[in-house]
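Biologist: I'm new to this one and would rather get to know one corner well than skim the whole thing. Could you pick a part and take me through it slowly?

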Amino acid sequence: MHAYGYDNANNVAFLGCTVVTVQASSDTVGPTADSVTNSGSPTSNTSFSVFANNVTDSGSGVNTVTFPVWTESNGQDDIYWYTGSFDAANNRWQVTINTADHNNESGDYNVHVYGYDNSDNVAFLGFTIVTVQDGSFNAVLPVEKGQLLPVQEKQLTTTQESTET
Ligand SMILES: [Ca+2]
Ligand SMILES: [Ca+2]
């Protein structure tokens, strides 16, 4: 920085100089992601995964990625903030969500994604909605009384016949 002095007759004189070091502007912008995707729609009593792809940060670098998750049913009563893990091979942050941790509810699961850099900036990276099918019919088959019994008898008879032969 240079300083000049002017007098009333427009004479100018160089007064001196100093060097000011300007620090690189501090990081004030959070991370970004290319996209937020999921592993598909499962049934209840299972799990699914959500991915934040190619999360990058200019400045201080990516610190972590979090995934708040809740089911549409009954609002955010079941919200849980999952911390993602970094999958270097696929360059993505990911989380696995067990429906058991959300009352095994079926229907829409809302998954939002936030990225944090190392300067404590946070940015919304995107969201995805995963529709979980009701898997309860896998556990409780609606079989009427008596339907199964004749089949067992027939199998038993067949076994006996083959033994006698
Ligand atoms: Ca940043
Ligand atoms: Ca809910």
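Modeller: Let's start at Asn-74, which is exposed, because only 10 other C-beta atoms lie within 10 Å of it and the cut-off for exposed is 12 or fewer. Keep in mind as we go that this is a predicted model. Asn-74 sits in the loop that links strand 5 to strand 6 (80-83). Its backbone has a quirk: phi is near 60°, a positive value in a residue other than glycine.

From that loop you can step straight into the part I'd like to show you. Strands 6, 5, 9 and 10, in that order, make an open sheet of 4 strands with antiparallel pairing. Strand 6 and strand 10 are at the edges with a single partner strand each, so each has one side without a neighbour in the sheet. Going from one strand to the next, the twist averages 25°. As for what holds such an arrangement together, strands of a sheet pair through backbone hydrogen bonds, either parallel or antiparallel.

Let's walk across the sheet. Strand 5 covers residues 62-71 and strand 9 covers residues 107-117, and the two pair in the antiparallel sense over 7 bridges. To find your place on screen, look for Trp-70, whose bridge partner in strand 9 is Asn-110. On to the next pair: strand 9 and strand 10 (residues 122-132) are also antiparallel, with 10 bridges between them. Two handy landmarks here are His-112, partnered with Phe-127 in strand 10, and Tyr-114, partnered with Phe-124 in strand 10.

Strand 9 and strand 10 form a hairpin, with 4 residues between the strands. What is unusual about Asp-120? Asp-120 is not a glycine, yet its phi is positive, at about 65°. Asp-120 is in the loop between strand 9 and strand 10, and it counts as exposed because 10 C-beta neighbours fall inside 10 Å.

Now for a visitor from elsewhere in the chain. Gly-30 belongs to the loop between strand 2 (12-17) and strand 3. Is Gly-30 buried or exposed? Gly-30 is buried, because 22 other C-beta atoms lie within 10 Å and the cut-off for buried is 20 or more. Setting aside residues up to four places away in sequence, Gly-30 touches Gly-115, Asp-117, Asn-121, Val-122 and Ala-123. Also, the C-alpha atoms of Gly-30 and Leu-125 are separated by 9.4 Å, with the two residues 95 apart along the chain.

Leu-125 brings us to the nonpolar core. The largest one has 21 residues, and those touching the most other members are Val-50, Ala-52, Val-111, Val-113 and Leu-125. Strands 4, 5, 8, 9 and 10 each supply at least two residues of this core. As background, nonpolar side chains tend to be buried together in soluble globular proteins. Have a look at Val-111 in particular: beyond its neighbours within four places in sequence, Val-111 is in contact with Val-50, Phe-67, Val-69, Phe-127, Thr-128 and Val-130.

Val-50 points us to the other sheet. There, 4 strands form an open sheet in the order 3-4-8-7, again with antiparallel pairing. Its edge strands are strand 3 (35-38) and strand 7 (85-87), each pairing on one side only, and the twist averages 30° from one strand to the next. Strand 4 (residues 47-53) runs antiparallel to strand 8 (residues 92-98) over 7 bridges, and you can spot the pairing where Ser-47 stands opposite Asn-98 in strand 8.

Stepping back, the protein chain has 1 helix and 10 strands, and the order from the N terminus on has every strand before the helix: β-β-β-β-β-β-β-β-β-β-α. Of the contacts with a separation of 6 or more, 60% link residues 24 or more positions apart. Buried residues make up 19% of the 165 in the chain.

How far should you trust the picture? The protein chain averages a pLDDT of 84, and 78% of the residues score at least 70. Residues 149-160 are another matter: pLDDT stays under 50 there, and the model has 0 contacts for them beyond four places in sequence. Where pLDDT is low, the predicted coordinates should not be read in detail.

How values were computed: Residues are numbered from 1 along each chain as its sequence is written. Chains are lettered from A and ligands numbered from 1 in the order in which they are written. This is a predicted model: local features need pLDDT of at least 70, side-chain atom pairs count only at pLDDT 80 or more; totals for chains, interfaces and linings use all residues. Two strands pair if DSSP finds at least two bridges between them. Axes are lines fitted to C-alpha atoms, for helices over the stretch in contact, and angles run from 0 to 180 degrees between N-to-C directions. pLDDT is the predictor's confidence in each residue, from 0 to 100. Two residues are in contact if their C-beta atoms, placed from the backbone, lie within 7 Å. A nonpolar core is a set of buried Ala, Val, Leu, Ile, Met, Phe, Trp, Tyr and Cys residues joined through C-beta atoms within 7 Å.
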